[in-house]
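Hello,

Here is the structure I promised to pass on to you. Please have it open while you read my notes below.

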Amino acid sequence: MHLAAFPRVRLGHFPTPLEFMPNLTKLLDGPNLYIKRDDCTGLATGGNKTRKLEFLVAQAIEQGADTLITQGAVQSNHARQTAAAAARVGMKCKILLEQRVTNASEEYEESGNVLLDRLMGGDIVARFPAGTNMQQEMENLAAELRSAGGKPYIIPGGGSNPVGALGYVACAQELLTQSFETGLRIDHVVHATGSTGTQAGLVVGLRASNSGIPVYGVSVRAPKAKQEENVWNLVQATMDYMGLPAASVDRSDVVANSDYVGEGYGLPTDSMVEALRLAAEHEAILLDPVYSGKGMAGLIDLIRTGHFKKGENVVFVHTGGAVGLYGYRQLF
């Protein structure tokens with residue numbers, strides 16, 4: 001897999017650390033727990049979207065774009081990192097927000113990521129009710145900008161398309177290098193899966209390289225069957241984009257568990273609150289309430305129920321987003 005063949009603009013701090021979590025390992029009395037610190041990618045407090053944006057923004061520059069358009073939930077980590085990327089390369093940024101969380105507090109609506117969106121020059125064009133066809137709304141805005149002489153580039157929610165997924169193919173290669181350099185045998189990789197780009201990239205990167213390391217996604221939104229279908233579709237599209245043989249990855253390589261979503265996307269669960277507190281109090285690691293908090297909640301429960309065994313080495317990929325904690329202050 002020759003990733004240097006694809007245009008890339010450097011936005012992040014890589015490689016991100018791969019750290020042992022001794023206190024959580026001891027507390028849970030299960031597998032050896034490691035964490036891949038993609039909350040430390042460095043772009044406006046970091047997060048997993050930075051890896052995707054390195055490839056997406058490079059393509060936008062190649063196409064002569066002057067404006068990035070993207071969408072996400074109100075407390076979108078992706079929107080914040082897209083605004084930051086636009087600022088770095090001298091582009092404008094238009095953000096469309098979907099109000100997926102109902103009856104949200106003023107803190108949720110205006111603090112955290114929303115504050116940073118604006119601080120970095122991101123233009124929050126509009127807020128739409130949950131269930132809106134956000135892709136179509138971005139297309140509509142792009143058409144308006146083009147008619148006014150602009151050159152917009154649309155980035156899908158989460159940066160999750162074959163171009164964006166390259167960021168996590170690169171992360172998989174980075175993780176394998178760290179595994180080799182430290183002598184760490186990785187038995188499992190676990191992470192929160194939402195818009196699918198992170199999981200699709202990891203699956204392609206780890207499985208197509210014959211590493212034998214399985215990827216376990218903890219869904220934060222869609223039911224299991226739908227999430228796995230969405231991830232698998234992007235896996236196939238990414239492999240096709242990269243020119244990889246279809247047989248490199250099997251449908252069984254895509255695993256998503258939706259047992260920890262709770263009542264819906266962005267809505268708190270008791271297990272998420274517990275996971276956040278355990279990570280903060282025992283490892284001084286800040287998770288976020290929407291993605292990594294629910295991902296860690298799933299990992300903790302799976303350890304307690306024996307899915308991951310004592311003696312195995314499990315790497316949790318921290319996708320960032322701690323800025324969103326400010327929108328959930330009442331929980332803590």
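Let me start with one pair of strands: strand 8 (residues 215-219) runs parallel to strand 9, and three bridges connect them. One such pairing sets valine 218 opposite asparagine 257 of strand 9. Please keep in mind that this is a predicted model.

**The sheet**

Both strands belong to an open sheet of six strands, ordered 1-2-10-7-8-9, with mixed pairing. Strand 1 (18-20) and strand 9 (255-257) are at the edges and have a single partner strand each, so one side of each has no neighbour in the sheet. From one strand to the next, the twist averages 30°.

As background, strands of a sheet pair through backbone hydrogen bonds, in either a parallel or an antiparallel way.

**Strand 7 and its neighbours**

Strand 7 is a good place to look next. How many of its residues are buried? Six of the six are, and strand 7 is thus described as mostly covered.

On one flank, strand 7 pairs with strand 8 in the parallel sense, over five bridges. Valine 189 has valine 215 in strand 8 as its bridge partner. Strand 7 also runs parallel to strand 10, and four bridges join the two. There, histidine 188 is partnered with valine 314 of strand 10.

**A helix on the sheet**

Helix 8 (residues 197-207) packs on this sheet, where it touches strand 7 (188-193), strand 8, strand 9 and strand 10 (313-318). The direction of helix 8 makes about 160° with that of strand 7. If you follow the chain through strand 7, helix 8 and strand 8, you will trace a right-handed β-α-β unit.

**Two crossing helices**

Now for another part of the model. How do we describe two packed helices? We use the angle between their axes and the distance between the axes.

For helix 10 (residues 270-283) and helix 11 (residues 292-304), the axes come within 8 Å and cross at roughly 90°. The two helices are therefore roughly perpendicular to each other.

Which residues of helix 10 meet helix 11? They are Ser271, Met272, Glu274, Ala275 and Leu278, and their counterparts in helix 11 are Gly293, Lys294, Met296, Ala297, Ile300 and Arg304. Sorted by class, this contact holds six nonpolar, two polar and three charged residues.

If you would like a route through the model, try strand 7 with its partners, then helix 8 on the sheet, and then the crossing of helix 10 and helix 11.

Enjoy exploring, and best wishes!

Notes. Residues are numbered from 1 along each chain as its sequence is written. This is a predicted model: local features need pLDDT of at least 70, side-chain atom pairs count only at pLDDT 80 or more; totals for chains, interfaces and linings use all residues. Side-chain values use heavy atoms; hydrogens and water are left out. Axes are lines fitted to C-alpha atoms, for helices over the stretch in contact, and angles run from 0 to 180 degrees between N-to-C directions. Angles under 35 degrees count as roughly parallel, over 145 as roughly antiparallel, 65 to 115 as roughly perpendicular and the rest as oblique. Contact means heavy atoms within 4.5 Å. Ala, Val, Leu, Ile, Met, Phe, Trp, Tyr, Cys and Pro count as nonpolar, Asp, Glu, Lys and Arg as charged, and the others, Gly among them, as polar. Two strands pair if DSSP finds at least two bridges between them. Buried means under 20% relative accessible area, exposed over 50%, partly exposed in between (1.4 Å probe, protein chains only). A crossover is right-handed if, with the strands pointing away from the viewer, the path from the first strand over the helix to the second runs clockwise.
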